[in-house]
Every structure is written in C-alpha cells, then in structure tokens.
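User: Please take one site and look at it closely. Then work outward from there to the rest of the model.

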Amino acid sequence: MDQNINIKVKVWRQAGPKEQGHFETYELQNIFQGASFLEMIDILNEKLISEHKDPIAFDHDCREGICGMCSLYVNGHPHGPDQEITTCQLHMRKFHDGETITIEPWRSRAFPVIKDLMVDRSAYDKIMQAGGFVSVNTGGVPDANAIAIPKPVADEAMDAASCIGCGACAAACKNGSAMLFVSAKVSQLALLPQGKIEAARRAKAMVAKMDELGFGNCTNTGACAAECPKSVSLANIARLNREFICAKFKD
Amino acid sequence: MALQPQNGIITPEMAKIPQGPLEKKWTNYKDHQKLVNPANKRKLDIIVVGTGLAGASAAASLAEMGFNVLNFCIQDSPRRAHSIAAQGGINAAKNYQNDGDSIYRLYYDTIKGGDYRAREANVYRLAEVSNSIIDQCVAQGVPFAREYGGLLDNRSFGGAQVSRTFYAKGQTGQQLLLGAYSALSRQIGKGKVKMYTRYEMLDLVMIKDENGEDRARGIIARNLVTGRIERFFAHAVVIGTGGYGNTFFLSTNAMASNGSAAMQMYRHGAFFANPCYAQIHPTCIPKHGDFQSKLTLMSESLRNDGRIWVPKKLEDAKKLQAGTLKGRDIPEEDRDYYLERRYPAFGNLVPRDVASRAAKERCDKGFGVNNTGLAVFLDFSDAIKRLGKDVVAQKYGNLFQMYEKIVDENPYENPMMIFPAIHYTMGGIWVDYELQTSVKGLFCIGEANFSDHGANRLGASALMQGLADGYFVLPYTIQNYLADQISVPRMSTDLPEFAAAEKAVQDKIQKLMSIQGKRSVDSIHKELGLIMWDFVGMGRTAEGLKTAIKKIDEIKKEFWSNVFIPGKADSLNNELEKALRLADFIEIGRLMAVDALHREESCGGHFREEYQTPDGEALRQDDKFSYVGCWKYTGEDKEPELIKEPLDYEFTERKTRNYKA
C-alpha cells in the first residue's frame, strides 16, 4: 500500500546555458507514494514559489509517457529506477522513506543545458530533417491497401516507430551516441516498402548529420536499449549498420 | 467587404456553403475556387501556429505546394504536440471490412453522434476526404496494424456499428503525428518551413487593407527560452493550437495545452462558437489526490472487449469503497452491466457523452467502486476467458501497462477502475466552409475550430478532422483567399500596428509581473477547475451556471490582484507562461458558463438537468436551439454578443439519438 514518505531531493540548478551549475538539496515531508515523480517536483516548486524562490525548470508536457518531453536523470538513470517508463510515469512508490533522490538533466554533449533540468534536444530534429521521412507530397498516393505488407514486418516497423525521441539513449550512452534513435527511424522506414526506395540515401544522410552534430560513436555497450522507455531494440542498430554499409558499397 | 451577420444571424452566404446536393458540394467548390500559380506561391508567407495533426499537416502541405511557411510550437520539438497522445485510432469510410460502411454512413454517424448540431456540408466533406488520409499516412510509412494477409486491420469505436477505425497499437496519434512531423521535417530541411520551437503566440496583428478592412497579417510571439517578444509578418495566419479543456485544470490534455490563441482571435473579432460543448471522456483513470496534475485517458478501444459495470447491491458498493471487497470477488449475478442494460443495441460502445452520464448516474446513486465513490469497473475477465490472456495483451498490452504503473494494480486480475474526465472541446473558433474565421486572413483548423463534431465528437474522429483540415481542406481553401493577395508585398514588422501589438503584450506581462501577490498560478487554476467541474461539468443547471459565473468573476479579481510570479519577464519563466494562459482560461471558463446557461436544452456533451427525458436521456429543443451559438467580443468585462448560425437540416432528418434499439 502507498504511504506518505519524507525525502530529500538533490537537484541540479543552473541559471542558464553559460552559468556555473551546482546541486541544491531540498527536504520534502509527507509525499504520498501514489503521486507521480513530476507531481513531487510540482509540490517542491509550489513550496519554492511560496518562499519567493525560483522554481526548478524541467521539461514535461503530456504526463502519460508519449510526448517524450520529460527528461530527468534520476539516481543515475535516465527516467529513473523503473523499467519501460518515462520520468512522468515514475511514481513515488519506487522510493522509500528517508531516501535522498538525485535529479540531474540529460548528460550529453549534444544536449546542452538551457536551465536547471531543461536541455536543448534540437539535434534530434535536425537529424530527422536530414532524412527521417519518405519523400512523398500530400495527395496522389496509391490506395492504402494497394501494397500488402506481411504482419510481422508491419509489427516490427511499429516497434521501431514507437521511439518517442526523448533522448534517453544518447543520455545513457557513455559515448553520447544517438545510434538507437537514428536506427529506430531508419529501420521503421527501411522495413516498409514505402520507405525502402530511399533507404540507402536516408541511412547515409541521417548518420552524416548525427556525426556532424557531435554525437559519439556506438561501441555496442547496450546502455541505450536498457534505458529506453519504449524498449526500442538493439537489433535496429544492426539493421542501420547493414543499411549504411550497403549504401557505402554502392557508392 | 466581407459579409457580416445580418441582425445577429450568420447567413449561408457568409458561411460560404457551396450550392448543390450534399455529395457534390466539395467537388463544386474545388472546381470553381481560385488558385495561386506556382510563381506567386513563392511570394506569399503563411504563419501556422501549432504542430499537432492539423498544424503539422497544414504546414507541410502548404510548403510542398510552394508557399513560405513560418511554423510555431511551444514544445522543444514539433513532434511533441498533444495529438501524440491519442491512443485508439482514426476513422475512415474505406469499407475494407465489407460491413456496410460508406461515406454517407460515416457522415451520418458523425452528424448523429454530434446530436445534430454540426453543419451538414462540413461533415460530409470530412467523411469524403477521410479515405485519402489513410492513403497518405500509409505512403508516409505510418505502420498501421495489419491482418496476416498483409492488408490493413480495423476495429470498432463508440457510436458506430461498423469497424472503420484504423490503428497503430494504442499509439495511433503518435504514429500519425510522426508521419506529419516527418513530412514537416522534410520541408524544414528544404528551407520551405522556418520552424520556431519554444515560441508562444501572444497576440495577433491586424493591418487594414486599402478598403479600410482589418486583415490578419502576423503575430506577436514570446521566445520561451530568452523571454524576448518578437514580431512576425505573413499574408495569412493559420491557428491550430488545439482545445481549451485545461480550463478545468484536471483534464486529459497535456500540461501546456491552452486556449490563449483562441482568446486572442476572439478579442480581435473572431467568433467563439459553442464554447459549452466540451467532451467528458468516460474511461479515464480516477483522481487520486489534491496534488494531482492531470488525468490519464484509457483508450475507448478498450470498450471493444471490456465490459463496464458497478455492483447491483449498495452494500457491495459500500464494501468496495471501504476497501474490504475486490471487484473480482463479486459474483456475476450481483453485477449491473448498466450500459448493456440501458442500451442493448450499442452496449458498451455507446458514444462518450452517453457513457459518461451513465457512469455519473450510477455513482450519484452511491454505486461507485473506489474510496472516493467516483469510479466504475471496466472488466476484461470475459475477454480473457473468450480470447485468452495473450490475445488481450497483444491488443491492449501497452494500455494495461500504463494503468498498472499509475494505479499499482494488475488489470488482468482485477477489473480496471475508470471515471469520466474532460478530454476534448467540440466548441472553438467559428469558421466558414473555407476554415476562415470571421476575421479576414485568419484561419483556424483542428480542435481549435468549432466545426464538424457538433455537440459531441465520436471516438477516432479527432485525428480524422485534424488531418482532413491540414492535408486536404485548408491547402485548397486558403488559396481562394490568397489568390487576391498576390500583389500584396511583404510588410515590415516595424509598422506601427506591429509596434502597438507588441507594446500591448509587454504591458500585459508587466501588469502580471507587478502584482506580486500571495497565490501561485496553479493554486488559482485548481480553484477555477473545481468550479468548472462542479457547475459546468457533466450535469448543468441554470442555478449552478449562474453560481459559476459569479465565482469565476471572483476568481478573476483574485488572480489580477493576488497572483505571484517569481523571476523576470525577460528570461525563461514557466510561471509567467502559466499565468498568461490562466488569464485566458478564466475568460474561457466564463464564456463556457454563459453559453451553457443560454442553451436551454440538452445535446451531446452539454447536459442541462432541466431538459431530460423521463429515463434520463438528453432532450434537445430543435425548435429553439438548432443553431451554432457564436459569441462576439464586445470589450473587456462586457457581456459578449450572441450571433446565431442557423442549422437548417436540408439533407438529413433529425431524430432523437437512440442507442437502445
């Protein structure tokens, strides 16, 4: 059963991108374990506001695990100590009375801090803009059932497509690699006949952009998939490598 | 001059409904509308605010056609707009299941589902373009669910007797939005769309043309990272900023979803239509505490296999409320499957408004099943027996996982507990057939406008409308406006109109920052939400609505005299963002109550307790209220003026909605 607990939270505070950051510790009493982790931060922020202090800036929006906006490093793990969830789906029942919880922003060179726990993930958008699409305009497309796609292929594409672009993979990676993110999109589209046509071009363009934006190399440690809130599989990285090598051979 | 309402009535000419039979109207329109040639498209700029299904699909499509698009969103990426959270699916009249579906049937279900309070011509067009949406999404690589034969799968949703809903697991909104986002990303990469993330629109800029008529020519927006107020020009402005459900504080909307762009349009003369039509979704996870920040939806698709019930005996309900009894321990004969009992023909798949009211009715009578008495069961034990746990897990696994993470209870073993919550707003900014508001050059798309859903929206129709507007309607109709604008040069944002608009925004922000009172923004917002839920929620009365208006006026005073916003205006400041949104939510809440008070009938999501049949069903008053209730702004703290667009049903016979037989 959920109880009320007393906790300490150690939060990274940083006034701006170029400011020096530091940890600040706050004490909270009677936090209900049925509350979500972000509701705990709401409570803390209400307290800070009532003391006329600056509330903690953090990204969040849908609060149901799908928009990919929330992005907290909790006790050393992206999205915290639970599996297959985003930070907004983490609940206080995962913590115990008297615990000190450490909260940091995403750690990655490619995701600079904007303020406190908020980071700039526009690099992911730029990778998508380089090739994460099928080049069709609106209108003039064939009937949706014109091309049959085997169910297992469609399901596999769906699994890859479930990536929410939160950045936990790059944040978890000791090299700061974005390979899981890139490979999920490359896989989804390469698996489907609609996207197959541009597969080689897409893989090259997205990888080139990823390298340009300062993401590190993949050394197959698997931390990305272990921390991915949507369980995007490492098999996607293997597929990306295959697509990429094939594309390079063709050149 | 643009057409104006005559004696408070919007004529079909002003609404620009094309002539001809229902099924020919859209074709006739397209055959005769004005177009802009490719060379001229390059000279025209369009602002699109919002990157949800409507905004992203419109921005991408307009850019593909050759227009220059400036696209704005408040999140850090256009991929995060709240359309992403739609779970269940998208409707289309493909009739792939050979179960008797057709464009007419989708039209009819939608107009009936909306309780005959939508425009016939718009709804027919929506059904007509629905099939193209599915084709488009598949071409983009949206991984819809498929059958073993490789063709697309469908499922059923509320308010329909056919299976016409296309889906991608429980993440259909996500996949459709990512499809639109990928098309948008392609155009950003090509330089045809200039994307502004973490920007919030704070006002519309109007400039008079050579005839002295106001036209929308740009926006004022705040860079949410730097706090800088910036000016943007365009030949036309398109708003796709979603609904205003967060007026209630607790809703299924995202935290930043807001109605401020709608209020900015309203204050510049765009009519606000049917603000009282808000949808209360029947299957949400019940509220668990005062600190709660939002409510989580459980997809309507669960009602395909889940059965909704409460105990037959009050003493069982009391034990459930005290926590001494579990739902699974109540024997079959002591369960009241009240939807199947009351509505045999549609059963658990009645439309949302009907299902929500039925849940409230049972809970009001004391049959609620959790500690607050405000919950009913959604039970999968029959489905698990019939199909096996694996099949159920395959269909709904991610939803079950979501439920278990929040409630800490396994829904495979004990029935889910659910309760209605605010989810969607059918009301919104009035638009004509071209999706143009009553302000020239200002267009409104998706949930932000009022069209298509009448007084109640059917499940899986929001995605359909958002993408219909953005891919297949606006890109045509906006040309009919822009064809006359090809000789209008790009204007400088140094013009006095831009300066004045920016100054007004700066003054408002300064006023808010200088209050330095004692209350946080959220504390006031929660108070507003409670008033809305208690008096402007599922059951409304004249007396309750009058109380609501009085209380909202008090909240407005409290807000403008006692709110506290920390930090500075010229830097990142979440509390300031929230305060600016709350200022508008207070106005919207009042407008909802005023509209609900004037509409002396029950229809769709609007239920006035004074107007119901003896067995508790909604009672429409077609002779008095068969119109779109449009509210015109008349000034700060002045009562708005009511303008009516009559809904003359020319092609469809209006009946009492019946889901019983």
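Analyst: Buried means under 20% relative accessible area, exposed means over 50%, and partly exposed lies in between (1.4 Å probe, protein chains only). The model is predicted, so local features need pLDDT of at least 70 and side-chain atom pairs pLDDT 80 or more, while totals for chains, interfaces and linings use all residues. Residues are numbered from 1 along each chain as written, chains are lettered from A in the order written, and side-chain values use heavy atoms, without hydrogens or water.

The site is His79(A). It counts as buried because its relative accessibility is 1%. His79(A) sits in a loop of chain A, between strand 4 (77–78) and strand 5 (100–105). Helices and strands here are DSSP runs, numbered from the N terminus: H or I over at least four residues for a helix, E over at least two for a strand.

What does His79(A) touch beyond its neighbours within four places in sequence? Contact means heavy atoms within 4.5 Å. On the lower-numbered side, the partners include Cys70(A), Ser71(A) and Leu72(A). Further along come Ile85(A), Thr86(A), Thr87(A) and Leu90(A). Trp106(A), Cys166(A), Ala168(A) and Pro229(A) complete the list.

That list can be set against the domains. Their bounds come from an automatic or database assignment. Chain A is assigned domain 1 (4–115) and domain 2 (122–250). The numbering places His79(A) in domain 1 of chain A, while its partners Cys166(A), Ala168(A) and Pro229(A) fall within the bounds of domain 2. Between the two domains, 19 residues of domain 1 of chain A meet 20 residues of domain 2 of chain A. The C-alpha centres of these domains are 29 Å apart.

Now chain A as a whole. Its 251 residues are 59% buried. The chain holds nine helices and seven strands. Its C-alpha trace spans about 60 × 40 × 35 Å along the principal axes. Take the contacts in chain A between residues at least 6 apart in sequence: 69% of them join residues at least 24 apart.

A second loop residue of chain A, Pro55(A), leads across to chain B. Pro55(A) lies between helix 1 (37–50) and strand 3 (72–74) of chain A. It counts as buried because its relative accessibility is 11%. Setting aside neighbours within four places, Pro55(A) is in contact with Arg13(A), Asn45(A), Leu48(A), Ile49(A) and Asp116(A) in its own chain. Pro566(B) and Glu575(B) are its partners in chain B. One distance helps to place Pro55(A): its C-alpha atom is 31 Å from that of Ala178(A), 123 residues away along the chain.

Next, the cores. A nonpolar core is a set of buried Ala, Val, Leu, Ile, Met, Phe, Trp, Tyr and Cys residues joined through side-chain atoms within 4.5 Å. The largest has 206 residues. Inside it, the residues with the most contacts are Phe215(A), Phe72(B), Ile90(B), Phe144(B), Ile219(B) and Trp430(B). Helix 17 of chain B, residues 574–598, gives the most to this core, with 13 residues. Another core of 40 residues lies apart from it, and Tyr343(B), Val376(B), Phe377(B) and Phe400(B) are among its members.

Chain B is also divided in two: domain 1 (282–420) and domain 2 (496–646). Here 11 residues of domain 1 of chain B are in contact with 12 residues of domain 2 of chain B. The two C-alpha centres are separated by 32 Å.

Two backbone details in chain B finish the tour. Most residues other than glycine have a negative phi. Lys169(B) has a positive phi, near 45°. Ala460(B) has a positive phi too, near 70°. Where do they sit, and are they buried or exposed? Lys169(B) is in the loop between strand 4 (165–166) and helix 6 (172–189) of chain B. It is partly exposed, with a relative accessible area of 38%. Ala460(B) is in the loop between strand 17 (442–444) and helix 13 (462–482) of chain B. Ala460(B) is buried, with a relative accessible area of 5%.
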